[in-house]
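Morning, everyone. Let me put one model on the screen and walk you through a few parts of it.

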Amino acid sequence: MMNAYRCARGWFLCQRIAQKTTCTYSSQPKITTHHSIIQRDTDERWKDVDMERFADETDVIVVGGGPAGLSCAIKLKQLAKESGKELRVCLFEKAQEIGMHTLSGACLEPRSLIELFPDWKERGAPLHTPVKHDKFALLTKNWRIPIPILKGFPMHNEGNYVVRLGNLVRWLGEQAEELEVEIYPGFACTEVLYHEDGSVKGIATNDVGIHKDGSPKDNFERGMEFHSKVTIFSEGCHGALAKQLYQNEDLNLREKCQPQSYGIGIKEVWAIDESKWKPGTVEHTVGWPLDRNTYGGSFLYHLDEGEPLIAVGLVTGLDYSNPYLNPYKEFQRFKHHPSVRGVFEGATRIAYGARALNEGGFQNIPKLAFPGATTGCSPGFMNVPKIKGTHTAMKSGIVAAEAVFNAITDENRVSETTGLHVTEYEENLKTSWLWKELKAVRNVRLSFDTWLGLYGGLVYTGIFYVIGRGKEPWTFKSTGADYKHLKPAAECRPIEYPKPDNKISFDLLSSISLSGTNHEHDQPAHLTLRDDDIPVMRNLAVYDGPEQRFCPAGVYEYVPLEGGKEGEMRLQINAQNCVHCKTCDIKDPSQNINWVCPEGGGGPAYNGM
């Protein structure tokens with residue numbers, strides 16, 4: 001009865017807030033001070049501050065220094081060099097160094113790398129571990145049921161490499177610099193700029209020198225504007241600027257696609273006993289610790305980089321329904337399964353991180369070409385059955401570069417908009433191997449959303465993908481945005497997780513310390529709330545505060561309200577812990593959290609994750 005009462009009360013209060021009526025129940029302190037919510041033009045503290053922005057002109061802007069963005073920038077400069085033409089390409093990356101925010105499994109299919117650099121081996125690309133052994137299994141709580149991997153199966157990895165993707169991205173950055181791409185690490189792009197006709201003009205970098213309370217510091221500096229003929233957005237999964245583009249009603253980029261769906265990937269790197277080390281071994285599992293209706297699975301890769309290292313992780317689909325589910329704790333208990341725990345005994349954990357990933361696939365890809373373009377995981381090119389997105393992200397960047405270069409250097413081209421609309425990018429992509437690959441697997445992920453869950457998905461994959469190669473004449477529809485799947489706490493059973501043993505499983509704070517995460521403390525929290533009252537009045541009252549469980553970095557905590565009544569709570573945001581995974585922005589059931597970029601350079605400091 002109490003849960004039902006809290007649910008009804010929370011919903012009632014939320015409705016009053018939405019209707020902009022006076023809510024006498026609210027006693028929540030001010031949380032959000034970021035200028036995206038608290039406007040400066042009504043803040044007396046900003047009235048005498050010079051807000052002029054300097055501007056620079058370039059040919060192409062690439063936002064994001066991941067595999068897609070770097071591949072795009074590299075290909076542009078390669079084409080310019082081959083044709084003897086001058087082309088200024090500027091790439092912006094919010095991390096302090098290229099590769100520092102990169103996290104993936106990662107088992108790499110080198111197809112796109114070969115297209116970009118046929119001589120990648122001679123150039124010293126950090127691909128040291130060819131896959132030698134593939135293993136796949138279904139886990140129950142105590143048992144492991146092997147499933148054979150045959151040629152043609154999505155997870156057949158012959159010819160692929162186990163990599164530390166951050167190292168590969170860093171190497172790509174070096175290749176880009178050799179080709180004279182202008183790389184600006186530590187510059188967070190926070191605003192999309194438009195021409196009067198609505199076409200993309202460029203970007204603005206973030207302001208720096210702002211106190212936590214939202215007031216200007218003495219060293220306040222306005223961000224810069226960068227204008228270009230074409231701006232390419234390659235921010236990765238759920239990028240901040242891509243989100244602005246998708247909300248632009250004039251562009252209407254998501255008009256003909258379904259809502260994107262996501263997973264949260266949590267990963268650790270371990271140094272293990274050499275006697276247990278099997279370089280080139282790739283293991284995947286589905287099933288336990290997740291139930292049959294929660295999509296996800298584990299990976300365990302043995303690296304061959306001069307020391308006995310493994311990468312281990314668990315991906316949990318963010319369309320789960322039980323608000324008590326904790327992806328971090330699910331991963332910690334996975335490591336205790338009888339079939340894997342022996343690998344971790346006597347081993348040392350050396351790195352931790354987390355990142356959201358696109359799981360939607362073919363049906364969820366938005367319009368890609370407009371007066372601007374999106375590439376990589378920003379629009380969502382991950383091949384979910386393969387558990388691979390790097391090769392597809394890189395390919396999209398390459399295709400975009402080819403189309404953009406031709407458009408910019410075509411002296412006879414006439415554009416209807418001030419910002420170039422390179423329609424050839426999307427047209428060429430749809431005739432590439434990337435499009436065919438994603439279309440073939442379009443139904444696999446969604447087949448797990450039937451009442452049969454995990455087992456139905458495995459059967460469907462075997463029949464219609466492995467045998468039919470994705471040629472079935474139907475296409476499944478998405479089941480809706482991930483946050484809509486969450487049920488009220490009163491309808492769900494709490495999940496009891498075992499306490500960490502500090503040998504194989506660990507508490508969250510000790511894990512965050514291994515991510516190298518750091519933000520300037522005296523700055524407005526970049527985890528902004530559209531309404532400071534909603535977390536307690538709806539998320540806590542209805543869903544028992546799921547943000548304190550789905551966040552893999554301990555950013556969100558519900559703590560007693562100072563001076564409040566007994567049992568009265570408030571939300572505390574530990575923004576300095578944020579690893580930039582974007583899960584909160586995706587899974588918040590009230591869609592009240594808006595992740596924006598902190599000051600450039602802040603965030604995790606992954607070393608080859």
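Start with residues 502-607. The C-alpha atoms at the two ends of this span lie 22 Å apart. The span is 23% helix and 15% strand. Helices here are DSSP runs of H or I with at least four residues, strands are E runs of at least two, and both are numbered from the N terminus. UniProt, in an unreviewed entry, lists these residues as "domain: ETF-QO/FixX C-terminal". Its positions follow the numbering used here, feature names are shortened, and annotations may be inferred rather than shown by experiment.

Two notes on the source. This is a predicted model, where local features need pLDDT of at least 70, side-chain atom pairs count only at pLDDT 80 or more, and totals for chains, interfaces and linings use all residues. Residues are numbered from 1 along each chain as its sequence is written, and side-chain values use heavy atoms, with hydrogens and water left out.

Next, residues 262-357. An unreviewed UniProt entry gives them as "domain: ETF-QO/FixC ubiquinone-binding". Here the end C-alpha atoms are 5 Å apart. This span is 12% helix and 48% strand.

Now helix H8, residues 390-409. How far should its 20 residues span? At 1.5 Å a residue, 28 Å is expected, taking 1.5 Å times one less than the number of residues. The end C-alpha atoms are 29 Å apart, which agrees. Buried or exposed? Of the 20 residues in H8, 18 are buried. Buried means under 20% relative accessible area, exposed over 50%, and partly exposed in between, with a 1.4 Å probe and protein chains only.
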